[in-house]
Structures are given as C-alpha cells and as structure tokens.
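Me: Hi! Could you help me look through a model I just opened? I have a few quick questions.

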Amino acid sequence: MKAKYTSLTDALYTYLCECRSNARDPVLEALRTQTEALGDLSRMQISREQGSFLTILTAALGARFAIEVGTFTGFSAICLARGLVEGGQLVAIDRSAEWTSIAKRFWIQAGVQTKIDLRLGEAISVLKNLDPNQVFDLAFIDGDKTEYDAYYELILPRLRRNGLVLFDNMLWGGRLGAKPLEDPDGSALDALNRKLSRDGRVQTVLLPIADGIQFCRKL
Ligand SMILES: C[S@@+](CC[C@H](N)C(=O)[O-])C[C@H]1O[C@@H](n2cnc3c(N)ncnc32)[C@H](O)[C@@H]1O
C-alpha cells in the first residue's frame, strides 16, 4: 500500500507549529516555560498545535459544557475554555493540588478562570459523583492511561448525541501496531483503540496529531 501520510521531521514540525493562528500566544508560551521548569514531567503537557486544535474544535462544536480528565498545569484547560461559548463551563479533573496551583495562576492570566470548575481528586470517584443531570458536549481524556476505558464508560452516558470524546496519547509514542506490548499503559490504550473501533455507540477515527488523538463522535 502506497503511504498516504507524511512523516514529520523536526523542521516540518516547527513549520506546522508556526503556521497557526496566534502561534506566539504569550500566556500559553509563558505556561510552557513555567511547566518546563518542572523538568522531565513537562512532557505530560499537550503540544502547541494540539492546543490550537482543541480550541478550534470546541468553538466549531459550539460547546457549552466540556470536561477534561488530567489537567496538570492547565494548558489543555485554557485551550478548551477559550473555545467554549459565552457562559460555558469546563469541568477540569486532576488529583494534584501542586500542579493545578500553577494552572490556576495561568487561568487568571488567560482570563478563563470563571469558565473552569476544577475538581481535585481521583478521577473515577469525581466522575461517579458528578451532578446526575450534568451533560457534556465534549470530553478530553488525558489522565491515567489504564483508567481511560473507565473514564469513557462514565462519561459516554453524559455526552449529548454528536458530542465528542477525545483521547490523548493513543499512538503511545509509536509503540502500537507492531508486536504485543509488555507495559500496562500501552496495553490498555491498545485494547481501548480496538474496543472503540468496534463500539456501535460511537464513530471513531485515530488521528496522528501529536501522540495520537482518538476522536469519537457519539451516535
Ligand atoms: C498527561 S497529564 C495532563 C496534561 C494536561 N492535559 C495538559 O494539557 O497539560 C496527566 C494528569 O493526570 C493526572 N492524573 C493521573 N491519574 C489521575 C487520577 N487517577 N485521578 C486524577 N488525576 C489523575 C495527573 O496528576 C496529571 O496532572
């Protein structure tokens, strides 16, 4: 089969990051610098173009209510909150008070603090205790990889028809699709990718953005 995809090089990646609206957003760039000071952990932050993609998608969907699992220092939350309609709300879930204290400072700088409802705690427990009437237009999943499927099953019933669930890291650094994986995170993501492709409740496509976004529309 002739390849119908373009492999990225560092130069091509820099080019695509530059060819975006608001590529030098000062708040997001300052948040990246602050997060890099955490060292190796900063790899957990989503990529720049992924952030732009989340904002555009949230806005295009006309999303009012969104939810994310895995907030860290708040980059994806800013990008999602910026795309929400006036008066919209993002429920942001994370277990770390330390990392989300950085997030809260930058949400104020970005002017989105009133749009974000931070829930500190274990994601599964927070999801189980959400208001029973709460419905979402969009969900972004970026927490514990072995729990993605549990998040999905808890969020899907609350998603409106044609709402979207996006899962991050679904190409797992390029380690999927070849030999069976030893690590529990990669195995969980592989099992979820395969489950979603057969799941009659959603229509799904795995996009090679950053580390792979599994993009699901609720039927
Ligand atoms: C990959 S980072 C999220 C990155 C974030 N989306 C961003 O744009 O910077 C994963 C986050 O999930 C949180 N997390 C992992 N497992 C969790 C759990 N079981 N419950 C709540 N939060 C969890 C971690 O504390 C961490 O901040």
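Me: How many residues surround the ligand, and which are the closest?

Reply: Happy to help! Keep in mind that this is a predicted model. The ligand is surrounded by 19 residues, and G70, S76, D94, A123 and D142 are the closest of them.

Me: What classes does the shell around the ligand have?

Reply: Seven residues of the shell are nonpolar, six are polar and six are charged.

Me: And where does the ligand sit?

Reply: You'll find the ligand in the largest pocket.

Me: Which polar side-chain atom lies 2.8 Å from a nitrogen atom of the ligand?

Reply: That one belongs to S76. R95 has a polar backbone atom 3.1 Å from a ligand nitrogen. For E147, an N or O atom in the side chain is 3.1 Å from a nitrogen atom of the ligand.

Me: How much of the ligand does the protein bury?

Reply: The protein buries 95% of the 600 Å² that the ligand exposes when taken alone.

Me: Changing topic: how many disulfides does the structure hold?

Reply: Zero.

Me: Why is there no bond for C19?

Reply: Because the closest cysteine sulfur, in C17, is 9.5 Å from the sulfur of C19, which is too far for a bond. The cut-off for a disulfide is 2.5 Å between the sulfur atoms.

Me: What about C79, which cysteine sulfur is closest there?

Reply: C17 again holds the closest sulfur, but at 12 Å from the sulfur of C79 that is too far for a bond.

Me: Is C79 buried or exposed?

Reply: C79 is buried, with 2% relative accessibility. C19, on the other hand, is exposed, at a relative accessible area of 52%.

Note on methods: Residues numbered from 1 in each chain as written. Predicted model: local features only at pLDDT ≥ 70, side-chain atom pairs only at ≥ 80, totals over all residues. Heavy atoms only, no water. Buried < 20%, exposed > 50% of the residue type's maximum accessible area, 1.4 Å probe, protein only. Near = heavy atom within 4 Å. Polar contact = N/O pair within 3.5 Å; in protein donor to acceptor, adjacent residues only side chain to side chain. Areas by Shrake-Rupley, 256 points an atom, 1.4 Å probe, with all protein chains shown as cover. 1 Å grid on protein atoms, 1.4 Å probe; cavity = no way out; pocket = protein on both sides within 12 Å on 5 of 7 lines; lining within 4 Å. Sits in = over half its atoms within 2 Å of the grid points. Nonpolar A, V, L, I, M, F, W, Y, C, P; charged D, E, K, R; others polar.
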